[in-house]
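Trainee: Please take me through one part of this model in detail. I would like to look at the largest pocket: which residues line it?

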Amino acid sequence: MSATVALSRHHSGPMETLDINWNRIFPLVCGVQHYPWGGKPHGDRQPYIADLVGSHASPGQPWAELWIGAHPKLPSEVQIDGHRTAPLNELIGRFPEAILGPKLINRGVTTLPFLLKVLDCERSPSIQAHTDQPRAASL
């Protein structure tokens, strides 16, 4: 399946269209959360996440969570053709069946149903519990 996508380079330039074949794997550029409990550089040793993504951490900067997914707060960027990107959540919103597949769409799923996180904890992280809205309202 292919579709025409309008993109802007770095979300600030003029829009351009590009015909995309969705039947392939796309590289992702994933965001990092820098919470205080995250791994920090020590001497020549970089935090695990900085090393994993091939980046360099500033002195004292914590690298806590690598987010891989379509969460609206920090969606992964899909590399369309090597240098142009688009947020995964926006692409899913525009082309849900092409990206999620007809089985999920037929079951009412309209966004990526998970968020994968890679954690690097230098200190104990906060306790986290995530639930859906109906469950949260009943608590």
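Mentor: The lining of the largest pocket consists of Trp22, Arg24, Phe26, Leu28, Ile68, Gly69, Val78, Leu88, Ala98, Ile99, Leu112 and Phe114. Keep in mind that the model is predicted. By class, the lining holds 10 nonpolar residues, one polar and one charged. Arg24 is the charged one, and Gly69 counts as polar. The space in this pocket is about 240 Å³.

Now the elements behind the lining. Strand E5 and helix H3 (96-100) each contribute at least two residues. E5 spans residues 65-69, and Ile68 and Gly69 are on the lining list.

Follow E5 into its sheet. That sheet is open, has three strands and runs in the order E4-E5-E8, with antiparallel pairing. Strand E4 (31-33) and strand E8 (115-119) are the edges; each has a single partner strand, so one side of each lacks a neighbour in the sheet. From one strand to the next, the twist averages 30 degrees. Three bridges join E4 and E5 in the antiparallel sense. In one of these pairings, valine 32 has leucine 66 of E5 as its bridge partner.

Leu28 and Val78 lead to another sheet. Leu28 falls in strand E3 (28-29), and Val78 in strand E6 (residues 77-79). This sheet is also open and three-stranded, ordered E3-E6-E7, with antiparallel pairing. Its edge strands are E3 and E7 (85-87), each paired on one side only. E3 and E6 are linked by two bridges, antiparallel. Valine 29 has glutamate 77 of E6 as its bridge partner.

Technical notes
Residues are numbered from 1 along each chain as its sequence is written. This is a predicted model: local features need pLDDT of at least 70, side-chain atom pairs count only at pLDDT 80 or more; totals for chains, interfaces and linings use all residues. Side-chain values use heavy atoms; hydrogens and water are left out. Two strands pair if DSSP finds at least two bridges between them. Helices (H or I, at least four residues) and strands (E, at least two) are DSSP runs, numbered from the N terminus. Axes are lines fitted to C-alpha atoms, for helices over the stretch in contact, and angles run from 0 to 180 degrees between N-to-C directions. On a 1 Å grid over the protein atoms alone, a cavity is a set of points where a 1.4 Å probe fits but cannot get out, and a pocket is an open set with protein on both sides within 12 Å along at least five of seven lines; lining residues have an atom within 4 Å of a point. Grid points are joined across faces, edges and corners, and a volume is the space filled by probe spheres set on the points.
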